[in-house]
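Colleague: Got a minute to walk me through this one? I'd like to go over the helix packing and then the ligand.

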Amino acid sequence: MSATPQNTPPGAPMISVRDLRVAFSGGDKTIRAVNGVSLDVGAGEAVALIGESGSGKSVTLRALMRLHPPRRTRMEGQVRVDGADVMSLDKQALARLRGGTVAMVFQEPLLALDPVYTVGQQIVECIRTHDKVSAAEARQRALKALESVRIPSAERRLAAYPHEMSGGMRQRAMIALALSARPKILLADEPTTALDATVQIQVLILLRELQRELGLSIVFVTHDIGAAVEIADRVAVMYGGRIVEEGPIRTIMREARHPYTIALLQSRQHGMARGQRLQTIGGAPPDLAALPPGCTFAPRCPHARPACLAEVPQPSAVGAGHRVTCVLAAEPAVATAA
Ligand SMILES: Nc1ncnc2c1ncn2[C@@H]1O[C@H](COP(=O)(O)OP(=O)(O)OP(=O)(O)O)[C@@H](O)[C@H]1O
Ligand SMILES: [Mg+2]
């Protein structure tokens, strides 16, 4: 059944995810990539999903727009985006949501930008698909879009093909393209990872400025805590397809409570270069085809005890907006130390 995207009532989250589960079937295996994620993102709020490779960040992000191949994917739970029930939207309503209310940017802009059209043509096309405006007005808006992402000589760049631009310029052009439909929500999957450190920081600052200017809600996927600090109000730390800790970015940086978050922060402090994959925590990531019955991190956790292996812990609130999914957090002695 079609549910037309509605507007979010004041104060309600722009994105609301409850107990999201995503599993892929292939051969005789089922890969349980996301295992009960719940997350809210407010209007104008930027939330970063962080965690090491394979923790389910991208699968979660793509699930918000139901981008996984339907035949091999089982999705359960509730996803509401700007008031629309994403799980039950029909194809057309989903397409409207994807290109209109929600914009997406990914790591490699060459995949999003069409090589045979100029950057200007693509932005104009995007604007005219969403708004009935004249070609001249669309061109004017395209020019403004390039200026808003601080592309120098924007007039000239309108006529450039994607391959004629540097990596940083291309990424800016992709952001301009994504924002030209005037979305309320931006979903970004490692959009700066391929860029060198200086350009990366410039693009992050730009995204932050645009977010404030436009009041965008952002979900930003990264394995780089440094990038999360630049962009996010809040951070959700993922492990084995679950959120193990969530809170305001400053709280997480200073008072992380989950042993995995602590290990993640330490691995960075121990000389991890920006953009490098997190691989410094001892032990192997969980086998998503054979998840353990208890806490997914227990086999690698220095504090694990028998209870951790028996059942999946429930999240507990340990401070303002700060939730930890770990039996240690439920212990009064530890909880009062927060
Ligand atoms: N379409 C798919 N079919 C089967 N398995 C998949 C599919 N997409 C993702 N996976 C698996 O789901 C798990 C989570 O993948 P995901 O891409 O979300 O990780 P990630 O946290 O984004 O990692 P990275 O930092 O490397 O991008 C991985 O084991 C991945 O191989
Ligand atoms: Mg990913």
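**Helix packing and ligand contacts**

Modeller: Sure, starting with α4 and helix α5 (residues 135-148): their axes come within 9 Å and cross at roughly 115°. Bear in mind that this is a predicted model.

Colleague: Which hand does the crossing of α4 and α5 have?

Modeller: Right-handed. On the α4 side, the contact is made by Val119, Ile123, Val124, Ile127 and Arg128. From α5 come Ala135, Ala138, Arg139, Arg141, Ala142, Ala145 and Leu146.

Colleague: And what's the contact of α4 with α5 like by class?

Modeller: Nine nonpolar residues, three charged and no polar ones.

Colleague: OK, on to α4 and α7. At what angle do their axes cross?

Modeller: Roughly 20°, and the axes of α4 (residues 119-130) and α7 come within 9 Å. With angles under 35 degrees counting as roughly parallel, α4 and α7 are therefore roughly parallel to each other. That crossing is right-handed.

Colleague: Which residues make the contact there?

Modeller: Val119, Gln122, Ile123 and Cys126 of α4, with Ala173, Ala176 and Leu177 of α7. By class that gives six nonpolar residues, one polar and no charged ones. Val119 and Ile123 turn up here, and they're also in the α4 contact with α5.

Colleague: What about α7 and α8, how do those two sit?

Modeller: Helix α7 (residues 167-179) and helix α8 (residues 197-214) have axes that come within 10 Å and cross at roughly 15°. So they're roughly parallel to each other as well. α7 passes α8 in a right-handed crossing.

Colleague: Which residues are touching in that pair?

Modeller: α7 puts in Gly168, Gln171, Arg172, Ile175 and Leu179. α8 brings Val199, Gln202, Val203, Leu206, Leu207, Leu210 and Leu214. Sorted by class, the contact of α7 with α8 has eight nonpolar, three polar and one charged residues.

Colleague: Good. Switching topic: how many residues surround ligand 1?

Modeller: 14, and the closest are Ser53, Gly54, Lys57, Ser58 and Val59.

Colleague: Any distances for the polar contacts? Let's start with Ser53: how far is its polar side-chain atom from an oxygen atom of ligand 1?

Modeller: 2.5 Å for that Ser53 atom. Lys57 also has a polar side-chain atom there, 2.8 Å from an oxygen atom of ligand 1.

Colleague: And Gly54, which kind of atom lies 2.8 Å from an oxygen atom of the ligand?

Modeller: For Gly54, that's a backbone N or O atom.

How values were computed
Residues are numbered from 1 along each chain as its sequence is written. Chains are lettered from A and ligands numbered from 1 in the order in which they are written. This is a predicted model: local features need pLDDT of at least 70, side-chain atom pairs count only at pLDDT 80 or more; totals for chains, interfaces and linings use all residues. Side-chain values use heavy atoms; hydrogens and water are left out. Axes are lines fitted to C-alpha atoms, for helices over the stretch in contact, and angles run from 0 to 180 degrees between N-to-C directions. Helices (H or I, at least four residues) and strands (E, at least two) are DSSP runs, numbered from the N terminus. Angles under 35 degrees count as roughly parallel, over 145 as roughly antiparallel, 65 to 115 as roughly perpendicular and the rest as oblique. A crossing is left-handed if the near helix is turned anticlockwise from the far one by less than a right angle, and right-handed if clockwise. Contact means heavy atoms within 4.5 Å. Ala, Val, Leu, Ile, Met, Phe, Trp, Tyr, Cys and Pro count as nonpolar, Asp, Glu, Lys and Arg as charged, and the others, Gly among them, as polar. A residue is near a molecule or strand if one of its heavy atoms lies within 4 Å of it. A polar contact is a pair of N or O atoms within 3.5 Å; within protein, one must be able to donate a hydrogen and the other to accept it, and residues adjacent in sequence count only if both atoms are side-chain atoms.
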